[in-house]
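Grab a pencil and have a look at the model below. Try each exercise yourself before you read its solution.

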Amino acid sequence: MNEFLGAFPFIVENFALLMEKTGEHLVISLIPILAAILLGVPLGVWLGHIHRGEFLAVSLTNIGRALPSLALIAILLGLVGIGLLNVVIALFVLAFPPILSYSFQAVNSVDRNLTRAARGMGLTPFQVLLRVELPLGLPTMISGVRTAVVLTVSSATVAAIAGSGGLGDIILNQVAYGMSGVIAGAIWVALLSILLDQLAAFLLRRATPRGARFVQQSAVVTA
């Protein structure tokens, strides 16, 4: 109990250190997240548009959940050595599956009657994707990014094992910072994850078209 209470004075006294490590932590986290978005969103959208690849999306998601980042870092030590690249690859493997899966489901689950009606009005397949499937699927896609962000940020503490810095330097260094420092670092990571989750939720509300919001609200009321 004393160590837990001592975490809060540690945060106040070492605020500059925590902010420095937070910057490193965000860099470590954002690189794999951006890479996963650039690759996972287009692939998931395309597979969802043609209504194929569900087995691929589900399988990759299950593999990503089952493979611990720490084990992957250990495996990669023999291939890429210690450093940022090692951690980025491990966190990319963690972030990619939910982004791919959610992007696929976002487009694949759009009501077929809506897409048929759009084609009946003369829209090309690309216009159907752009004007119907993407606006309606956008909330689900952003939810996938939101999930990936929380998973990646909370797991990026293992970067310290590969010598890449971040808040893991504090959490995994009880000798230097004491148990109060370890707990303070863990609390800081939890708060950072919650903050980024709420930021993603705000972006979700801002990015969702009004029509899609109405559909979501109607579905909630119906349920």
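What follows is a set of short exercises, each with a worked solution.

**Before you start**

This is a predicted model, so to speak of local features the pLDDT has to be at least 70, and side-chain atom pairs count only at pLDDT 80 or more, while totals for chains, interfaces and linings use all residues. Residues are numbered from 1 along each chain as its sequence is written, and side-chain values use heavy atoms, with hydrogens and water left out.

**Exercise 1. Get the overall layout of the protein chain.**

Step 1: Count the elements. The protein chain has ten helices and zero strands. Helices (H or I, at least four residues) and strands (E, at least two) are DSSP runs, numbered from the N terminus.

Step 2: Check the burial. Of the 223 residues in the protein chain, 42% count as buried. Buried means under 20% relative accessible area, exposed means over 50%, and partly exposed is in between (1.4 Å probe, protein chains only).

Step 3: Look at the contacts (heavy atoms within 4.5 Å). Take those in the protein chain with a separation of 6 or more: 78% of them join residues 24 or more positions apart.

**Exercise 2. Work out how H2 and H5 each run against H7.**

Step 1: Start with H2. The axes of H2 and H7 come within 10 Å and cross at roughly 150°. Axes here are lines fitted to C-alpha atoms, for helices over the stretch in contact, and angles run from 0 to 180 degrees between N-to-C directions.

Step 2: Name the arrangement. H2 and H7 are therefore roughly antiparallel to each other. As for the cut-offs, angles under 35 degrees count as roughly parallel, over 145 as roughly antiparallel, 65 to 115 as roughly perpendicular and the rest as oblique.

Step 3: Find the handedness. H2 passes H7 in a right-handed crossing. A crossing is right-handed if the near helix is turned clockwise from the far one by less than a right angle, and left-handed if anticlockwise.

Step 4: Sort the residues in the contact of H2 with H7. By class, there are twelve nonpolar, four polar and one charged. Ala, Val, Leu, Ile, Met, Phe, Trp, Tyr, Cys and Pro count as nonpolar, Asp, Glu, Lys and Arg as charged, and the others, Gly among them, as polar.

Step 5: Now do H5. H5 and H7 pack at an angle of about 155°, with their axes 7 Å apart. That makes H5 roughly antiparallel to H7. This crossing of H5 and H7 is right-handed, and the contact has 14 nonpolar, eight polar and one charged residues.

**Exercise 3. Look at H6, its two ends and its partner H7.**

Step 1: Go to the N-terminal end. Asp-111 caps H6 there, with a side-chain oxygen 2.9 Å from the backbone nitrogen of Asn-113.

Step 2: Go past the other end. Just after H6 comes Gly-122, which has a positive phi of about 100°.

Step 3: Set H6 (residues 112-120) against H7 (residues 125-155). Their axes come within 10 Å and cross at roughly 160°. That makes H6 roughly antiparallel to H7.

Step 4: List who meets whom. From H6 you get Leu-114, Thr-115, Ala-118 and Arg-119, and they meet Val-128, Val-132, Glu-133 and Leu-136 in H7. By class, that's five nonpolar, one polar and two charged residues.

**Exercise 4. What does the side chain of Asn-108 make a polar contact with?**

Step 1: Locate Asn-108. You'll find it in helix H5 (residues 84-108). Asn-108 counts as buried because its relative accessibility is 17%.

Step 2: Find the partner. The side chain of Asn-108 makes a polar contact with the side chain of His-51 (2.8 Å). A polar contact is a pair of N or O atoms within 3.5 Å; within protein, one must be able to donate a hydrogen and the other to accept it, and residues adjacent in sequence count only if both atoms are side-chain atoms.

Step 3: Inspect His-51. His-51 sits in the loop between helix H2 (15-49) and helix H3 (54-66). At 30% relative accessibility, His-51 counts as partly exposed. His-51 has a positive phi of about 60° although it is not a glycine. Most residues other than glycine have a negative phi.

**Exercise 5. Is Ala-7 buried or exposed?**

Step 1: Place Ala-7. Its home is helix H1 (residues 2-13).

Step 2: Read the accessibility. Ala-7 is at 0%, so it counts as buried.

Step 3: See what is around Ala-7. Leaving aside neighbours within four places in sequence, Ala-7 is in contact with Ser-180, Ile-183, Ala-184 and Ile-187. Ala-7 and Gly-181 are 174 residues apart in sequence, and 6.0 Å apart in space, C-alpha to C-alpha.
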